Amino acid sequence: MPAYLRPTELGEALEALAAGGHTIVAGGTDFYPARVGRTIDEDVLDVTAIDGLRRIEDRGDHFYIGAGATWTDLIRADLPDWFRALKQAAREVGGVQIQNAGTVVGNICNASPAADGMPGLVALDATVVLGSVSGERVIAITDFVQGNRKTARKPDEMVLGLRIPACGTDASSAFLKLGARKYLVISIVMVSAVLEKAADGTVDRLRIAVGSCSEVARRLPALEAALAGKPVDASLAGLITADHLAPLSPIGDVRGSADYRIDAALTLVRRTVTELTE
Amino acid sequence: MSISFSLNGKPAATDAAPARRLAHVLRDDLGFTGTKIGCDAGDCGACTVLLDGEQVCACLVPVAQVSGRDVMTVEGLAASDGRLSDLQQAFHEYGAAQCGVCTPGMLMAASDLFKHNETPTDDQILDALGGVLCRCTGYNKILDAVKHVVRPNGVSFVNPDAGGAMGARTLKTDGIQKVDGSELFGADVAPADALWARAIRSPHHSATFTLGSFDELHAKWPGLVRVLTAADVPGNNGYGIYPDVKDQPAFADGQIRFKGEAVVALVGDYETVYGIRDEDVPVQYTPREPLFGFAGLADDAHRIHDTHPGNILAHGYVKKGDAAGAMAGADVVVEDSFATGFVEHGYIEPEAGWAQRVGDRLEITVSTQAPYMDRDEMAQLIGIPNESVRIIPTACGGGFGGKLDLGVHPMIGIAAWILNRPVRCAWTRIESMAASTKRHPSRITARYGCTKDGDLVAFDMSGDFNTGAYVSWGLTVKDRVPVHATGPYFVPHVEAKTRAIFANETPAGAFRGFGIPQAAIAHDTLMDMMAEEIGMDILEFRLRNAIRKGQETATGQLLEYSAGLDQCLEALRDPWQKARAAAEKFNAESDGVKRRGVGLGCMWYGCGNTSLSNPSTMHVGIAADGAVTLYSGAQDIGQGTNTTMMQVAADGLGIRMDKMHLVWGDTDRTADAGKSSASRQAYVSGRAAMEAGQDLRSQILRLANVGDGAAIEFGPGKLTVTDGDAVREIDLSELAADKLHGNVLVGEATFDPPATPLDEMGQGNPYGTYGFGAQVAEVEVDVDLGTVKVLHVWAAHDVGAAINPTQVEGQVHGGVAQGLGLALMEEYLPGRTENLHDYLIPTFGDVPPIDVYLIEDPEPTGPYGAKGIGEPALIPTPPAIFGAIHHATGVRMKQAPATPDRVRAAILAAGGDKS
């Protein structure tokens, strides 16, 4: 029978990974769907019993989302307003069943181009804390997720949590997800944005990330630069052009054509920005 | 290592492997089968349970994670004395459970909601239940039931007296087991010692193959009892629903015609058959270029079946008058082409069952919608007489046409027969989608002509239907479509041609409407176009042309009774006019991004088999102890046949329906009542059930020597018959218990609807009666994204007479939901959308409020005037939605589904580009 480890101490988990060969499981919401109609014959490291791994906390210059924290934990956590986009994404992950079991970190580790958590985390410049028996390292989320189902996690590492750098207290955020039905839908396009205003009412910093339109959710640096310093009002969205979407490289699939994704992304980016200016 | 936890408040423990899914442990190890498995992937929510009070999919929880925690399943909802919880009771009373397979998941999701919020809003209810898919109900009655718990909304059902069951909102005869978790479906019933069977399916769409030796596999896997191949089929290795067409092999014999075709079956213990990887089974494929869609028509295409040159299965044809000549004289002619794709039935219960050999007989307990057809098909696969096969249907967790063809039966039947051991099988969602039949993809070109005053003069069409790799129901589709192709209108001149074409794709079979939903998109879009051309209101144009009693159909059938389309349209006139005006007002006042529109669709549908005998036989018996039993072979697939048969039989006999017992489905205990398809059960089997009740009543009255007006009182062991002053007692124990099933008296009736063959011009009377209906759909289109949200549907259906209005409404709701899916989101692509997250069916948030108008234009050959509603409900929805999109945006959608990218592309092509 394959091994199933469910340690309560992190050290034990990291030692198991150092010994090699384990598949890490938390909420199981990606693990089991990939194994329909077959027995589980691989060694599993279940991280859900590890003490303290589930916490979400304010650490001053950043917020920390532990690897065991579920989407529901995030929704229920007492967090600043600018987490609204991430919480909105959480509410649109699968059904409540999935939100109750699936973890934010698991979503990142699964590295789907349509990962609901990615645009929000990318827009917030999240970093990923990886641990192994030889220590910890922290890398940018855009360096962590490297492509479709591909991450920078080494086999002996596990993701311990995410760090979200603190935004200004009056920062705001928005998230829009386009799918072909109301619930339980994999996105065609997602946009998440975080706005920090300058004292004079102009854009101090507006970070925008688009998901499902490239292997990894992408920021739109040219757009962000173009909007910096502009007044935060209804005119802002009007400054957004198709050229600003150049970083995106969508594919066509069962959910929509590549052309449609770009077209819809432009609409959603404008709407997301509009939502932040209202 | 034992895992201990609390299960429904009681201590539980399991020695299961820690990674085993909680759902499997609950069901297979602990016997709590109330938790259903629909996908094993978190896509459907059927397995929803509460873990420490929070809803989770039990299919995604490693059982290790429940250690020390509280698990609550549907079995834990009712009180210990069996009294239903308020939530369960509301589901029961409101008809919120149809097939019942999603019901445990819905109940648990709602329980989670109420733990957090005792007074939820509608939106909060939707959000909480949005993770559970239902394919039967269209969600409306589930929402009503949950709202009733929040705020009681009166009594929604009746418990009728003797003679009052017809037309009454009775509770479902089998309703309680659907809400308390005790209902048994195909995967719930196998004995503990049954072996498991699993098919190895072709990963190629088109190939030849050879099998290697299985010795290595057996050596490595001692739990592998047998690998079944085509060579093991005892009888004819071919099946199919027509008596003379048995083209689909139980196991492929060297040829692969579609991806997902069964090549061999592994039979053994669970860990073995699900432990062996497909790639370790020695099958050497030589792939060849597959023929998709209508590619088989090309001159150089290979023959998918040697018997069919050109890959054309068959042609269908109907010709009345001179369509070409009349078209030339029409004031207005509109023509267009339309296309639809494969649609998956998406029943939440995947195919499942078990089989055992009992001496020289084979018993198959299985989820099905056609017990007697299954029996005869299995008999010839095994090579034994029909009577040597017994089919014992389980509750059927949704069918919609997809469980008419054989599913798990060949594998388990052949394995049990050869091995003489019980063998079970449950398809995964992936193999259910890959291997089961689909709706026929279509391409239709049609022309309609009318006068400038708005009278239809001619219709012609040609349609191709992709029937996939095997015949399945392809012959029915190619015949049904020309008969119905005009839509429910009187047209003097008609010519309609169809072809069924083979492809290297999933067999296309029966799916709610047999090709008519595809044709309805064509005829009703053309109706809109003509109305627009001549400047007539869309509804009034249809009303003017609605076929009425005294008129002849395209096949020359004179409609003598029950043709209530005009009444349906009149019922819808008010909501139609108001909704059209409201949409136009909204658009005038909006920013132009969100635009609303209102469309209309009409339908007709012949109830029963096309031009073929399709009798149903029913029995009602009374035993020496006074117990009255209806023996019904009409399979309930969630539509409520068990209940409606009881209603009409009880009234036929004159007994309270709650005093009558029901024996259903089992081919050893019930007579052939045909299949649950073609919207025939209420009409055909209902008539037989009513008459069987009446026959028993007549026998009792004769025995008592009294007149027709006498009243019968059913007591224990005796009957008291009162006719005016005369009171007679019949002591049942004095009668010989030598009738069918040990009864002392048995009423019997057979009904075969009047139908005649079609001649070579397609002329004749193909059906005994037709259902009619019309629906209005209101949508909101986001023109920048191409998304379409259906806001409201008003559905008027002529059902002859509603046997049970609650259930008829449920059928309409569910039909609208499936029509909405067909119109907007559902397209099965073999090899690409074999799961319920890439293949989208409507969720709780996608189906709008549906107002149902029951029109009752009685059908004299039906039971108390009733006719079918199962399929009719779906048919008008897609054209109504397409018409609404056009009203909103000016864009005509001609391809289903109208996905956001297609709608947006059409808007852009029409010049709707953004700045």
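These exercises work through a chain contact and one sheet in a predicted model.

**Exercise 1. Describe the contact between chain A and chain B.**

Step 1. Count the residues on each side. Chain B gives 51 residues and chain A gives 40 residues.

Step 2. Find the elements on the side of chain B that touches chain A. Those giving two or more residues are β4 (54-57), α12 (429-435) and α21 (900-909) of chain B.

Step 3. Sort that side of chain B by residue type. The split is 23 nonpolar, 14 polar and 14 charged.

**Exercise 2. Work out the layout of the 4-stranded open sheet in chain B.**

Step 1. Write the strand order. It reads β24-β23-β22-β28 (chain B), and the pairing is mixed.

Step 2. Mark the edges. β24 (660-664) and β28 (745-751) of chain B each pair on one side only.

Step 3. Add the twist. From one strand to the next it averages 20°.

Step 4. Take one pair in detail. Strand β23 (residues 628-632) of chain B runs parallel to β24(B), and 5 bridges join them. B:Leu630 has B:Leu662 in β24(B) as its bridge partner.

**Exercise 3. Place two helices on this sheet.**

Step 1. Which strands does helix α17 of chain B lie across? Helix α17 (residues 641-653) lies across β22 (616-622), β23 and β24 of chain B. The angle to β24(B) is about 135°.

Step 2. Which strands does helix α18 of chain B lie across? Helix α18 (residues 681-704) lies across β22, β23 and β28 of chain B. The angle to β28(B) is about 145°.

Step 3. Link the helices to the edges. Helix α17 of chain B lies across the edge strand β24(B), and helix α18 of chain B across the edge strand β28(B).

Methods. Residues are numbered from 1 along each chain as its sequence is written. Chains are lettered from A and ligands numbered from 1 in the order in which they are written. This is a predicted model: local features need pLDDT of at least 70, side-chain atom pairs count only at pLDDT 80 or more; totals for chains, interfaces and linings use all residues. Two residues are in contact if their C-beta atoms, placed from the backbone, lie within 7 Å. Ala, Val, Leu, Ile, Met, Phe, Trp, Tyr, Cys and Pro count as nonpolar, Asp, Glu, Lys and Arg as charged, and the others, Gly among them, as polar. Two strands pair if DSSP finds at least two bridges between them. Axes are lines fitted to C-alpha atoms, for helices over the stretch in contact, and angles run from 0 to 180 degrees between N-to-C directions.
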